[in-house]
Amino acid sequence: MNVALTRRDILKNVAFGAGASFFTPLLGQLAAHAAGQAPRQRVVFVVQSNGMSPRHLMPSGVERPKSGKMSNDRLEEVTLKDRELHAALEPLTPFKDRLALVQGLSGRIALSDHSANLGALGCYPANKGALAQTIDVALGEANPGIIPHVGLGILERPEQTLNYQISAAGPGKVAPIQCSPELAFKSLFGSVTGGASRQAFDRRTNLLDFMAEDVKRAQAAVAGEEKQKLDSYLEAFEALRDRQAKIDAIQNDLRKNAPKLDDKFKKPTECNRLEAQFEIAAAALITGLTNVVTLSSGGGGQQYIAFPELGIPVGGHHYGHGGGVPGKTYEDCFVTVRQFHCKMIAKLAQTLATVKEGDGTLLDNTLIVYLSDSGDGHHPQLHEWPVVLLGNLGGKLKTAGRYLQFPAYGSKNHRTMANFYCTLLHAVGKPRDKFGVNDPGLKDLDQTGVVAELLA
Amino acid sequence: MFKPFLTAHCVRCHGPEKQSGDFRVDDLTGDPAKDADRLLAIREQIRAGLMPPGRETRPDPADVRAIIAWTTVRTGGLAGRQPGQGNLIPHELLFGKPAPTAAATPGRLWRLSPDGYLGFLSDLGKNKALPGIVQPFTLEPERGIKDFAGLYTIDEPSTEILLRNAELIVEGQTARQNGVREFVVLMDPASPPTRAQLEAAVAQQFKMALGRTPGADDVTRFLGLYERCLKVSDSPGAVKTMLQAVLLRTDAMFRSELGKGTDAGGRRLLAPDELAAALSLALGDRREAGIMLAAQKGELATREQAAVHVRRLLDDPKFDKTRILKFFREYFDYANALTVFKDKPKTFVHEPRQLVADTDRLVLHIVAADKDVFRQLLTTEVSFVNYAVGKNKQTNQDEGKPGVVLNPNNNKGQQGIEETYGLDRWPAEQPAKLPDNSRLGILMQPSWLVAYSTNFDNDPVRRGRWVRDRLLGGSVPELPIGVAAQVPNDPHRTFRERLTVTRDARCWKCHSKMDELGLPFEQFDHFGRFRTTETVLDLEATEKNVDKKGKSLGPVTREAVLNTAGTIADSGDAKLDGPVKDPRAMIRKLADSERCRQVFVRHAFRFYLGRNETLADAKTLQDADRAYVESGGSFKALLVSLLTSDAFLYRSVPVASTTTTPGGSR
């Protein structure tokens, strides 16, 4: 990733994209289906900063106390059929029969001001760094594509290219969210673009080969345990080298499906950047580059995005504190920004639904998890952590048009985000009954296990 | 002797008929290599007194000692690999009688520590880390000494971080602004570099990343990488890849301690460059220029030359010896006060950060005086109290000032941090003498007491375990799986009373090694404040505390009698065993003990050698202890002894192949 994308690169890419049909079923996937293998499951996390009001999840006809504080001690469920989604979620209406709107799961262990950071996807304290693997990386590992986990996102300024506050590969190991669409494009599709990006891809292959050789030489000088110690370093280079080969093997698919480097890439406005990242995510899923993507919009610390194109030229902190903009109250701002994100999610779902897979489409084997790294608000309480689920992961989850209000915090049937993440691990065939760190505020509650009502 | 012992005490449950716990002892092969795991398990069970179980006939104590010694020798003194297992080698076998010869350390690769990686970045001239660079490495989260050479390697997620970091570092190095001159000139795609320029660039990157010049073979290989990249890329790109590769080398990410120096009867001295790095990183986080230069000039080839440099580094105020404070932090573990969450007290300020800073300062103060260091650490009557250093705006001089200052406008009668130390105002003279008969040394610093407390209470069990492990050199087995350890939550009883649950025979086997050593610290509350009574709930008064309608008006407390007595038992030194009336009496006794001092030396060995001691290290330990005693308790003398010991300087496993340059590190 050295020189800026040249005009020549872009023209070339446009040429590639133009000739290709975007929605081609992939031969590999057809073959897998023919061989009777279960289709790959895909999971997309969409993590948006600044909290998600529980009210945005409430469809028409559903009420909650004025105080906002729930006290139900049993699951309350209504169907979304014949109900209208809240204006904030309106763009998801075409997918209503694939939606589950989940309320009442808590995540108090990650409580912090403005963002739970890695604790949002990790279920652990917000300000202690990477205490453990986050759920997105865990799912990627359970169900690896060529690249087990891809992180894409945006931050306020285009030159902030990496966000390390959303995902973690393990204790002490943050995983990157690539916040420059241009760099993300190069690193995922650079091998088929020719020009500087292809050069960088080939140099990386050479570097990985060289390093594997270099570690082998070092190994030749040692014996026993020291040799084994270097095995792990060697295997890392070999695995990354193997990734290069696999990417080289799907060059045709990559060419056909790589996003077009159009205006979205050339004019790095906030909306364009986010849309570009969603397109890259779609292409990465379709080509099998990865099965798990995390898409973040701001997030971590006080990282908010202003969306001038949506008429909101101020960051989320402003309307988080009740400030409006001309013509819009703070709540209007929240709704407008959420609508935009829902539009992106709907478009992604739409794209995946056009790719055939087995007897259905790629979307049938996908789950999109939409939440905020700051839980239920700008200043969250995390007694509940609203989550929008779209898709059922190949029939593993029960998400067909449900609004679910889980038992309130402190009641005996209460469930947490950790239980939800365990549910996802069960759904991808890597069951786990404990995730992250227990909430000490729930010491009388058994915090292990799944959210049974979500599993098919 | 071993067979009859097993037959008498073990075989009935761990033999042909029954294999309790899936363990049998009747079919040991006699080959120590094959039996090692089982012998270590037998030793541990017998040593901890867990086997034979209580209902069986007790073995004769003399037999027990003999079996422990025999199994230890038989397993070649194998110690556990984990830092917490160092004490598995019985103290008597290390210090019981003069040891004849000092052992070397096996050749090894020691992955950089997280701080070592930051030091590596500094050596590359990146004092202020570039944006986007992140830490690739971690250490074990357990308490105690953490950075053992045998524990760490580099896995795939770390490698991905290293690759991205290397890319970012080289981007910075090749940028026109503030780049490295030798690299920047190679960034013009129109004028491809000459061979001489490339060689200079490789040499420069080696110098910065590894502190040495590359061998001819290295240069050829790195230029080979450049050539291969040039086939697929422009020349600036190829140069960058070549420069990244140097940063990822095994010998950049691992400290190479293979022993490539002169052969000395089956073992080898560390080569000068290995030794220079080893000594620099023993004391600090980055390579020290003077010692690297000495290595290059061939002036680091003997024990005496090494000693000269160790003394020089210890006396050089400009060399940042971060690893001295780090040792004491890991030995005492008081910095864990930062990780114990407590509700904000209403009547006083609890600021663990300041408490830890005060103890850091006290440790450095005692280490700087360098007299009777171990005893001072345990028994000093002075302390830093809410102390920070800032510039006096008038004199422009650094001077002491309160660390945490209460906001007078926002303070509702809260006491400052001084109160936690038992003082009613901030002392201008620091370190300050604390109130008589209140607290002594690090183990009665509020930071340590908080580090060994829980959210709501003291933690006498872990405090006692600390004393057992780190002063008496004993060990306590881990909590058995399936035991839910819980002190009953009876707010009307003192913590000592509540802790009597551990007196149950099943628990007491292990708890007898801990509780009585931790209970004297009940002298303090769980914020580390000195007390003479313990506040408990008054059940009767609470019941009566109701309004006319019988509605409760809230809990009422009473002051219960405080008992600070404890017992030192089974310490391994009969002179130490016996009752103690309070924590000060206990600590004074322990501070005077030869055994405790030697256990401290053992911990220093583990920290600075990056491994547990084995039986073969007896002489190294005895020499270090002697150096400490003969110097009047100088920690520096202890360090010089350890860092110039055979264990530090020599490697026992010869390099497998001398024809291949190991990792090309010559």
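**Exercise 1. Locate N50(A) in chain A, then describe its backbone and its surroundings.**

N50(A) is placed in the loop between β1 (42-48) and α3 (54-57) of chain A, where helices (H or I, at least four residues) and strands (E, at least two) are DSSP runs numbered from the N terminus. The model is a predicted one, in which local features need pLDDT of at least 70 and side-chain atom pairs count only at pLDDT 80 or more, while totals for chains, interfaces and linings use all residues. Residues are numbered from 1 along each chain as its sequence is written, and chains are lettered from A and ligands numbered from 1 in the order in which they are written.

Turning to the backbone, N50(A) has a positive phi of about 80° although it is not a glycine. Most residues other than glycine have a negative phi. As for the surroundings, N50(A) is buried, with 29 other C-beta atoms within 10 Å; a residue counts as buried if 20 or more other C-beta atoms, placed from the backbone, lie within 10 Å of its own, as exposed if 12 or fewer do, and as partly exposed in between.

**Exercise 2. Carry out the analysis for C123(A).**

C123(A) belongs to the loop between α4 (119-122) and α5 (135-142) of chain A. Its phi is positive, at about 55°, although C123(A) is not a glycine. The count of other C-beta atoms within 10 Å is 30, and C123(A) is therefore buried.

**Exercise 3. Describe the largest nonpolar core and the contacts of I345(A).**

A nonpolar core is a set of buried Ala, Val, Leu, Ile, Met, Phe, Trp, Tyr and Cys residues joined through C-beta atoms within 7 Å. The largest such core has 121 residues, and A281(A) and I345(A) have the most contacts inside it. Helix α13 (residues 330-353) of chain A gives the largest share of this core, 11 residues.

Leaving out residues up to four places away in sequence, I345(A) touches V46(A), L92(A), I368(A), Y370(A) and L390(A), a contact being a pair of C-beta atoms, placed from the backbone, within 7 Å. Apart from this core lies another, of 98 residues, including L313(B) and F605(B).

**Exercise 4. Characterise the pairing of β5(B) with β6(B).**

Strand β5 (residues 387-391) and strand β6 (residues 398-402) of chain B pair in the antiparallel sense over five bridges, pairing being assigned if DSSP finds at least two bridges between two strands. K391(B) stands opposite D398(B) in β6(B). The hairpin has six residues between the strands, and N396(B) takes a positive phi near 60° in this hairpin.

Notes. Two residues are in contact if their C-beta atoms, placed from the backbone, lie within 7 Å.
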